[in-house]
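The following exercises concern strand pairing, helix packing and cysteines in one protein model. Please inspect the sequence and the structure before reading the solutions.

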Amino acid sequence: MEQNLIKILFALIRSAMRGTAMSDSEKALYSNELLPDLMRLSKRHDVAHLVALGLKNNGLLTAEDKDVESEIVRAVFRYERLNHDYKKLCAALEAAEIPFIPLKGSVLRAYYPEPWMRTSCDIDVLVHREDVERAMACLTENLKYTAKESGTHDVSLFSPLKNHVELHFDLVEE
């Protein structure tokens, strides 16, 4: 059963990402009894929204599975909140003439069929080490961000929407 669960998980993600239907043999592996384990596993790996989309697109959701379909809505909402803060952050740093490079999820989203499919829990930005204090001041004063802890390679902040922002000044953790 565990092997089937993994096969179904990958088939659903592949279907969602490619926008193609699962094969009949892949669909035959699925039963509604697997849904709780499938959702538990997919949530653990932050792909529940992709699994839900795969299930929906392949006609494998029942009327009782509305909570599964809501994973898509949650991912879109999460993306919109992050994207809102990301755009404001970029505009503020540009206005302050602080050079920066967006990292990870903010960049990778462009390569997904839909940007909300690339979930992330934070916004990562690289700034020059000598610009960290100015960048922090810009975000805390202009956008009301709250500074949290500093690490050996980044500074952690939170937006008013409670989105986590990491200002990286080094790409290697000491």
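Within the sheet, Ile123 stands opposite Val165 in E5. The model is a predicted one: local features need pLDDT of at least 70, side-chain atom pairs count only at pLDDT 80 or more, and totals for chains, interfaces and linings use all residues. Residues are numbered from 1 along each chain as its sequence is written, and side-chain values use heavy atoms, with hydrogens and water left out.

**Exercise 1. Determine how E5 pairs with E2 and with E4.**

Step 1. Helices (H or I, at least four residues) and strands (E, at least two) are DSSP runs, numbered from the N terminus. Two strands pair if DSSP finds at least two bridges between them.

Step 2. Strand E2 (residues 122-127) and strand E5 (residues 164-168) are parallel, with 5 bridges. Asp124 of this pairing stands opposite Glu166 in E5.

Step 3. E4 and E5 are antiparallel, also with 5 bridges. Here Leu157 has Val165 of E5 as its bridge partner. The hairpin of E4 and E5 has 5 residues between the strands, and Lys162 in it takes a positive phi near 70°.

Step 4. The open sheet has 5 strands in the order E1-E2-E5-E4-E3, with mixed pairing. Its edge strands, each pairing on one side only, are E1 (100-103) and E3 (146-150). From one strand to the next, the twist averages 25°.

**Exercise 2. Establish whether the residues of E5 are buried or exposed.**

Step 1. Buried means under 20% relative accessible area, exposed over 50%, and partly exposed in between (1.4 Å probe, protein chains only).

Step 2. In E5, 5 of its 5 residues are buried. His164, Glu166 and His168 lie on one side, Val165 and Leu167 on the other, and both faces are covered.

Step 3. Helix H5 (residues 66-95) lies across E1, E2 and E5, at about 20° to E2. Helix H7 (residues 132-142) packs on the sheet as well, touching E2, E3, E4 (154-158) and E5, and its direction makes about 0° with that of E4. Angles run from 0 to 180 degrees between N-to-C directions, and axes are lines fitted to C-alpha atoms, for helices over the stretch in contact.

**Exercise 3. Describe how H1 packs against H4.**

Step 1. Two packed helices are described by the angle between their axes and the distance between the axes.

Step 2. The axes of H1 (residues 2-18) and H4 (residues 48-57) come within 8 Å and cross at roughly 80°. H1 is therefore roughly perpendicular to H4, a class that spans 65 to 115 degrees (under 35 is roughly parallel, over 145 roughly antiparallel, the rest oblique).

Step 3. With contact meaning heavy atoms within 4.5 Å, H1 contributes Leu9, Leu12, Ile13, Ala16 and Met17, and H4 contributes Leu50, Val51, Leu53, Gly54 and Leu55.

Step 4. This contact of H1 with H4 has 9 nonpolar, 1 polar and no charged residues. Ala, Val, Leu, Ile, Met, Phe, Trp, Tyr, Cys and Pro count as nonpolar, Asp, Glu, Lys and Arg as charged, and the others, Gly among them, as polar.

**Exercise 4. Explain why Cys121 and Cys138 form no disulfide.**

Step 1. A disulfide is a pair of cysteine sulfur atoms within 2.5 Å.

Step 2. For Cys121, the closest cysteine sulfur is that of Cys90, 17 Å away, which is too far for a bond. For Cys138, the closest is again in Cys90, at 11 Å, also too far.

Step 3. By this rule the count is 0 disulfides.
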